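Okay, everyone, thanks for squeezing me in. I'll put the structure up and then talk through a couple of spots on it.

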Amino acid sequence: MRSRTPDRLCAEAVELARAAAEEAAAPSTVGDHVQVTADGDRVVTHHFACHDPGYRGWHWAVTVARASRAKLVTVDETVLLPGPDALLAPEWVPWSERLRPGDMGPGDLLPTEADDLRLEPGWTGEEEPPANSAVSHEMSELADAEDAEVTAGPPAAQPVAPRRGSISALAEELGMRRARVLSRYGLHTAADRWDETHGSKTPMAQAAPASCVSCGFLVPIGGSLGQAFGICANEFGPADGHVVSLSYGCGGHSEAAVMPKPPRPAPPVVDETLVDEMPLREGGEQPAEEDLGHS
């Protein structure tokens with residue numbers, strides 16, 4: 001049990017604690033004695049203000065102690081601790097969490113963790129196929145015998161046919177020899193990311209005359225993602241070379257309607273290009289020349 005009352009001899013060792021703090025730092029940076037706290041039986045900590053401009057709000061903490069029935073007080077440790085108003089560095093974040101799309105540059109390497117949820121094992125790497133496989137050991141021997149070139153000489157002089165029918169060789173021939181492939185989680189995260197940037201809810205798609213599923217510039221892709229995405233090949237479109245959702249769209253659709261011609265204006269109600277004859281007298285009679293004052 002810790003004692004709440006500081007030990008008298010340890011609490012009186014203020015100058016000893018100050019000397020220890022000044023030894024660890026410049027004398028001018030150690031300020032006034034702030035407080036003393038009890039850390040246990042005959043163990044106390046003296047706190048001094050720190051005047052270093054680079055450590056505003058920090059304080060020096062010097063822990064002193066003495067042995068049982070001893071009058072000599074010794075220094076345990078001296079540390080610089082932050083206070084409630086101290087300026088601290090932000091919490092360290094691993095690089096894998098700080099990385100953002102587009103941060104990689106030429107020559108940068110991005111190692112992938114072994115337990116990455118976006119990936120799963122591609123091929124097992126086992127060379128021996130199952131007994132009922134079409135590339136079993138018996139079928140491999142028959143294939144090697146058929147492909148072996150016949151040369152003159154005893155059987156011992158015949159060349160040894162290369163090994164065939166292994167799972168790794170078949171996977172490499174089919175382009176499937178990858179240690180890891182995208183998992184279902186990796187496919188879903190990629191689909192969500194692509195749909196967010198080039199999907200049906202974007203302002204560009206909302207104002208488009210039609211969706212990409214009917215556009216001639218859409219390049220289909222294979223795999224399960226090909227059911228919902230493709231690649232835009234319109235050099236004038238905003239998503240040229242990007243993976244777009246089939247529900248995405250833009251004004252560069254291949255079947256976009258031709259802009260209609262501006263309508264002809266209606267004829268004016270009042271025709272100001274012609275002169276209307278207005279009679280000067282009622283009844284439509286024209287006045288005589290003398291009435292008009294002509295000579």
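Before I point at anything, one bit of vocabulary: when I say patch, I mean residues with over 30% relative accessible area and no salt bridge, and nonpolar side chains are joined into one within 5 Å. Keep in mind, too, that this is a predicted model.

So, the overall picture. The chain has 295 residues, and 22% of them count as buried. You'll find seven helices and nine strands in there. If you take contacts between residues at least 6 apart in sequence, 51% of those join residues at least 24 apart. As for the outside, about 22700 Å² is exposed, with carbon and sulfur atoms supplying 56% of that.

Now, which residues make up the nonpolar patch on the surface? They're Trp 95, Met 104 and Leu 110, and together they have about 300 Å² of accessible area. Let me zoom in on Met 104, which sits in the loop between helix H3 (95-98) and strand S5 (119-121). Its relative accessibility is 44%, so we call Met 104 partly exposed.

Let's swing over to another loop, the one between helix H2 (14-24) and strand S1 (30-40), where Thr 29 is. Is Thr 29 buried or exposed? Well, the cut-off for buried is under 20% relative accessible area, and Thr 29 comes in at 13%, so Thr 29 is buried. And what is Thr 29 in contact with, leaving aside neighbours within four places in sequence? That would be Ala 49, Cys 50, His 51 and Asp 52, plus Trp 60.

That's my bit, happy to rotate the view for anyone.

Methods:
Residues numbered from 1 in each chain as written. Predicted model: local features only at pLDDT ≥ 70, side-chain atom pairs only at ≥ 80, totals over all residues. Heavy atoms only, no water. Helix = DSSP H or I, 4+ residues; strand = E, 2+ residues; numbered from the N terminus. Buried < 20%, exposed > 50% of the residue type's maximum accessible area, 1.4 Å probe, protein only. Contact = heavy atoms within 4.5 Å. Patch = residues over 30% accessible without salt bridge, like charges linked within 9 Å, V, L, I, M, F, W, Y side chains within 5 Å. Areas by Shrake-Rupley, 256 points an atom, 1.4 Å probe, with all protein chains shown as cover. Salt bridge = Lys/Arg side-chain N within 4 Å of Asp/Glu carboxyl O.
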